[in-house]
Structure formats: C-alpha cells, structure tokens
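Here is a short report on one protein chain. Look over the sequence and the structure, then read on.

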Amino acid sequence: MNEQVRQVMLDLVETARDDNYNMDVTLNRFPELQQVDKQLLLDFVQTSRDLDFDMDEAFRLFPEITGVSQED
C-alpha cells in the first residue's frame, strides 16, 4: 500500500476520534479526500472503531483503499 495513502487514512481516523465522530467536520479537514466516496470513508472510520482501532485489520478489510486484495 502507498504509505501516503496509509498515513492519510490513519490521520482521518485519528481526526474523527478527536472530532467526536462528527464526520462532516472531519471530512472538511481533508480536502484531498473530496473525490473519494464519502460512504467508503465513513465505513472505514466506523470499521476502525468497531475493531477497537486495529488498523492493520481495518486496512485488510478495505482492499479498495489499500489496492491489495484480501487473498494477497
């Protein structure tokens, strides 16, 4: 996975936590993600939260973000 993409997604989750999961506020802080499907981003943050922030597992579940299939 591209390290820059990984870092942006980690920052997104951390910022969402800091914003008390107000995703409208959080997403406005990431103009670089404006072209990304909003539901995908919301699902990623929620999944990260559901997994108690096991980010390796969260990334594994989102091959559309990582570019790596689950079988790889």
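## Contacts along the chain

In this predicted model, contacts in the protein chain with a separation of 6 or more were sorted by distance in sequence. Residues 24 or more positions apart account for 40% of them.

One pair of distant positions is Val-45 and Met-9. They lie 36 residues apart along the chain. Their C-alpha atoms are separated by 8.7 Å.

## Fold and dimensions

The protein chain has five helices and zero strands. Read from the N terminus, the order is α-α-α-α-α.

How does the radius of gyration of the protein chain compare with that of a compact globule, and what are the two values? A compact globule of 72 residues would come out near 11 Å, and the protein chain has 12 Å, so the two agree. Along the principal axes, the C-alpha atoms fill a box of roughly 35 × 25 × 20 Å.

## Surface and charge

Of the 72 residues in the protein chain, 33% are buried. The exposed area is about 4700 Å². Carbon and sulfur atoms supply 41% of that area.

The protein chain carries 6 positive and 17 negative charges. The mean positions of the two sets are 5 Å apart.

## A buried valine in α3

Val-45 belongs to helix α3, which covers residues 38-50. Is Val-45 buried or exposed? Its relative accessibility is 4%, and the cut-off for buried is under 20%, so Val-45 counts as buried.

Which residues does Val-45 touch, leaving out those up to four places away in sequence? The partners are Leu-12, Val-13, Ala-16, Tyr-21 and Met-23. Helix α1 spans residues 3-18 and α2 spans 23-28.

## Two loop residues with positive phi

Asn-20 is not a glycine, yet its phi is positive, at about 55 degrees. Asn-20 sits in the loop between α1 and α2. With 66% relative accessibility against a cut-off of over 50%, Asn-20 counts as exposed.

Asp-52 also has a positive phi, near 55 degrees, and is a residue other than glycine. Where is Asp-52 placed? Asp-52 lies in the loop between α3 and α4, the latter being residues 55-60. At 65% relative accessibility, Asp-52 counts as exposed.

Definitions and conventions
Residues numbered from 1 in each chain as written. Predicted model: local features only at pLDDT ≥ 70, side-chain atom pairs only at ≥ 80, totals over all residues. Heavy atoms only, no water. Helix = DSSP H or I, 4+ residues; strand = E, 2+ residues; numbered from the N terminus. Rg over C-alpha atoms; globule rule 2.2 N^0.38 Å. Buried < 20%, exposed > 50% of the residue type's maximum accessible area, 1.4 Å probe, protein only. Contact = heavy atoms within 4.5 Å. Areas by Shrake-Rupley, 256 points an atom, 1.4 Å probe, with all protein chains shown as cover. Lys, Arg positive; Asp, Glu negative; His and termini not counted. Charge placed at Lys NZ, Arg CZ, Asp CG, Glu CD.
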